[in-house]
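Morning, everyone. Please look at the structure on the screen while I talk.

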Amino acid sequence: MIDVLVVDDDYRVAGINAAYVTKVPGFRVTGQAHTAAQALDILQQGASDLVLLDHYLPDESGLALVRRLREQGLHTDVIMVTAARDIATVQAAMRHGALQYLVKPFTFAGLRIKLEGYAALRRALADGGEAEQHEVDRIFGTFGGSATDAATLPKGHSTFTVEQVREVLRASEGPLPALEIATRAGLSRQTAQRYLKLLERTGRVRMSLRYGERGRPEHLYAWVVPQGEQVRRDSRPGLGAPEEALKPSSP
């Protein structure tokens, strides 16, 4: 299990964030703090792997707390979860070693993607040893890598949304319909379909058909895993599609 400390000055928000964390398999909340001093005291006891950290705290900023953690040799991983969206704060968070930055307000799906990305990063680093270039690229791309190059995206498309769709598909045990993908990613069905079509055109998503007893066949989508890359599967039961749905559709 990955132990998480939730830090937010608002007791209600901290409780909501903690509830979100407990819904993600493999994560558990080991504590909540509402000031930087409380958070530092908990972290000095070494009880947390990851901190979901608000920037606006009553005694000092979240970034100031991160600086103090590093000065004391505490290397607990940090994901900023805050309403602060100015570029200077975002840049400072990067420079101080925050692994990711989630802007409030956000959905459960948005937080889940960050947490699942963090879990994937820990798995990629768990074996130690040396890494080939493609493995290094995968490690660095766990949070920030895009499934489609930003320069090649059509106008009106964002790399962030591409990543949301990618993470949902990579986490699934089998192909998913557009509505299910939209629900898990926190997107509208129309938006999900638009990005799925884009990813299908670029060869990153494969579309297949599932035929029922009547009516039109259902379109199912699966992530195309590059050779040499292992994909993480969602272990939750009841997800995915029968094996025959993996067969490519006829042109």
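Which residue in β3 is the bridge partner of V4? The partner is L50. Keep in mind that what you see is a predicted model.

That pair belongs to a larger pattern. Strand β1, residues 2–7, and strand β3, residues 50–53, run parallel. Four bridges join them.

Now step back to the whole chain. The protein chain has 251 residues, and 44% of them count as buried. Its secondary structure comes to nine helices and eight strands. Take the contacts with a separation of 6 or more. Of those, 62% are between residues 24 or more positions apart.

Back to the strands. Five of them form an open sheet with parallel pairing. Read across, the order is β2-β1-β3-β4-β5. Which strands stand at the edges? They are β2, residues 27–33, and β5, residues 100–103. Each has a single partner strand, so one side of each is left without a neighbour in the sheet. How much are neighbouring strands turned against each other? On average by 20°, with direction ignored. One general point for those new to sheets. In a regular strand, side chains alternate between the two faces of the sheet.

Next, the other sheet on my list. This one is open too, with three strands in the order β6-β8-β7. Here the pairing is antiparallel. At the edges stand β6 and β7. Each of these has a single partner strand, so one side of each lacks a neighbour in the sheet.

Let's go through the pairs. Strand β6 is residues 176–177, and strand β8 is residues 218–223. They pair in the antiparallel sense over two bridges. Who partners whom? L176 has Y221 in β8 as its bridge partner. P177 has L220 in β8 as its bridge partner. Then take β7, residues 205–210. It runs antiparallel to β8, and six bridges join the two. On that side, M207 stands opposite Y221 of β8. So much for the strands.

A helix lies against this sheet as well. Helix α7, residues 159–171, packs on the sheet and touches β6, β7 and β8. What angle does its direction make with that of β8? About 90°.

Now for helix on helix. I have two pairs.

The first pair is α1, residues 11–22, and α5, residues 108–126. Their axes come within 10 Å and cross at roughly 60°. That angle makes α1 oblique to α5. Is the crossing left-handed or right-handed? Right-handed. From α1, the contact uses N17, Y20 and V21. From α5, it uses F108, L111 and L115. By class, five of these residues are nonpolar, one is polar and none is charged.

The second pair is α8, residues 178–185, and α9, residues 189–201. Their axes come within 8 Å and cross at roughly 110°. The two helices are therefore roughly perpendicular to each other. On the α8 side, A178, L179, I181 and A182 make the contact. On the α9 side, R189, A192, Q193 and L196 do. What does this contact hold by class? Six nonpolar residues, one polar and one charged.

Two single residues to finish.

Start with T89. You will find T89 in helix α4, residues 87–95. Is T89 buried or exposed? T89 counts as buried, because its relative accessibility is 10% and the cut-off for buried is under 20%. What does T89 touch, leaving aside its neighbours within four places in sequence? The contacts are H55, L63, A84 and Y101.

Then P154. This residue is in the loop between α6, residues 133–141, and α7. With a relative accessible area of 31%, P154 is partly exposed. Now find L198 on your screen. P154 and L198 are 44 residues apart in sequence. How far apart are they in space, C-alpha to C-alpha? The distance is 8.8 Å.

Let me recap the sheets. The five-strand sheet is parallel, and the three-strand sheet is antiparallel. Helix α7 packs on the sheet of β6, β7 and β8. Thanks, and over to you.

Methods. Residues are numbered from 1 along each chain as its sequence is written. This is a predicted model: local features need pLDDT of at least 70, side-chain atom pairs count only at pLDDT 80 or more; totals for chains, interfaces and linings use all residues. Side-chain values use heavy atoms; hydrogens and water are left out. Axes are lines fitted to C-alpha atoms, for helices over the stretch in contact, and angles run from 0 to 180 degrees between N-to-C directions. Angles under 35 degrees count as roughly parallel, over 145 as roughly antiparallel, 65 to 115 as roughly perpendicular and the rest as oblique. A crossing is left-handed if the near helix is turned anticlockwise from the far one by less than a right angle, and right-handed if clockwise. Contact means heavy atoms within 4.5 Å. Ala, Val, Leu, Ile, Met, Phe, Trp, Tyr, Cys and Pro count as nonpolar, Asp, Glu, Lys and Arg as charged, and the others, Gly among them, as polar. Two strands pair if DSSP finds at least two bridges between them. Buried means under 20% relative accessible area, exposed over 50%, partly exposed in between (1.4 Å probe, protein chains only).
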